[in-house]
Amino acid sequence: MTQTVYLVLSDQMADWEYGHVAAQVSLQQFQQQPGRYQIRTVALTADPIRTVGGVRMLPDVALADVVVDDAAMLVMPGGDGWESGSLAAFGKLARTFREAGKPIAAICGATVALAAEGLLDDVPHTSNFLGGLGSYGGASFYREERVVRADGVITAGGASSLEFAREVLAELETFSPRTLDAWYEFNRVDSVEAFGKLVASVQE
């Protein structure tokens, strides 16, 4: 059965923070179980949003229509608007996912919604910087790292979209561990040798 990875859309979302995730969850190449996942986009309403880069995007569903039972993960890209609290409803959606035992992933400003909802109070995590998370109960669990994956919660700073994708793919077991390592190396160093490792990882 195909499971849904919900990708949050919001006005002024950061275009560079979700690309690797969306592509590698959807593309069949290199996957252990092709067709296991599909991406569905979700926004506060069914109205189009416009990214920080000016791209107009139409969500698949409104927040009220998310079906958590069939979901594999909630992925929350950052961008403008998270600090204002106008996107707090996605923090509540993330809580619903966690209460259902589903993993969540947030990068950049989207981590603010997790902190405000109390979802980072007892799990190691990171963000752009500690002060940006405001007053919350999990400051002692903050880690100065590019990405942190712990207990089904993935967090990253906005400059770490590749590392963020790596941990999302690891949590979903989209690739074998060897393929995941090779995929990350190829995207990080962009060499013929690294691409050869990636291809070889799925041929054996």
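Reader: Which residues in α4 meet which residues in α5?

Author: From α4, the residues are L162, E163, A165, R166, L169 and A170, and they meet L180, W183, Y184, N187 and R188 in α5, contact meaning heavy atoms within 4.5 Å. By class, this contact of α4 with α5 has seven nonpolar, one polar and three charged residues. Here Ala, Val, Leu, Ile, Met, Phe, Trp, Tyr, Cys and Pro count as nonpolar, Asp, Glu, Lys and Arg as charged, and the others, Gly among them, as polar. The model is predicted: local features need pLDDT of at least 70, side-chain atom pairs count only at pLDDT 80 or more, and totals for chains, interfaces and linings use all residues. Residues are numbered from 1 along each chain as its sequence is written, and side-chain values use heavy atoms, with hydrogens and water left out.

Reader: Why are α4 and α5 called roughly antiparallel?

Author: Helix α4 (residues 161-172) and helix α5 (residues 177-189) pack at an angle of about 165 degrees, with axes 11 Å apart. Angles over 145 degrees count as roughly antiparallel, under 35 as roughly parallel, 65 to 115 as roughly perpendicular and the rest as oblique, and α4 and α5 are therefore roughly antiparallel to each other. The crossing of α4 past α5 is right-handed, that is, the near helix is turned clockwise from the far one by less than a right angle.

Reader: What makes T174 count as buried and L44 as partly exposed?

Author: The loop between α4 and α5 holds T174. Because its relative accessibility is 2%, T174 counts as buried; the class means under 20% relative accessible area, with exposed over 50% and partly exposed in between (1.4 Å probe, protein chains only). Beyond its neighbours within four places in sequence, T174 is in contact with Q24, Q31, Q32, Y37 and L169. L44, at 39%, is therefore partly exposed. L44 is in the loop between β2 and β3 (49-50), and outside four places in sequence it touches A62, L63, S86, L87, A89 and F90. L44 and F90 are 46 residues apart in sequence, and 8.1 Å separates their C-alpha atoms.

Reader: Why do β5 and β8 stand at the edges of the sheet?

Author: Seven strands form an open sheet in the order β5-β2-β1-β6-β7-β9-β8, with mixed pairing. Two strands pair if DSSP finds at least two bridges between them. β5 (61-62) and β8 (147-150) each have a single partner strand, so one side of each lacks a neighbour in the sheet.

Reader: How do the strands that β9 is joined to run, parallel or antiparallel?

Author: Four bridges join β8 to β9 (residues 153-156), and these two run antiparallel; V148 stands opposite T155 in β9. Four bridges also join β7 to β9, and these run parallel, with I107 opposite A156 in β9. In the hairpin of β8 and β9, two residues lie between the strands, and D151 takes a positive phi near 55 degrees.

Reader: What makes both faces of β9 covered?

Author: V153 and T155 on one side, and I154 and A156 on the other, are all buried. Helix α4 lies across β1, β2, β6, β7 (104-107), β8 and β9, and runs at about 15 degrees to β8.

Key
Axes fitted to C-alpha atoms, helices over the stretch in contact; angles between N-to-C directions.
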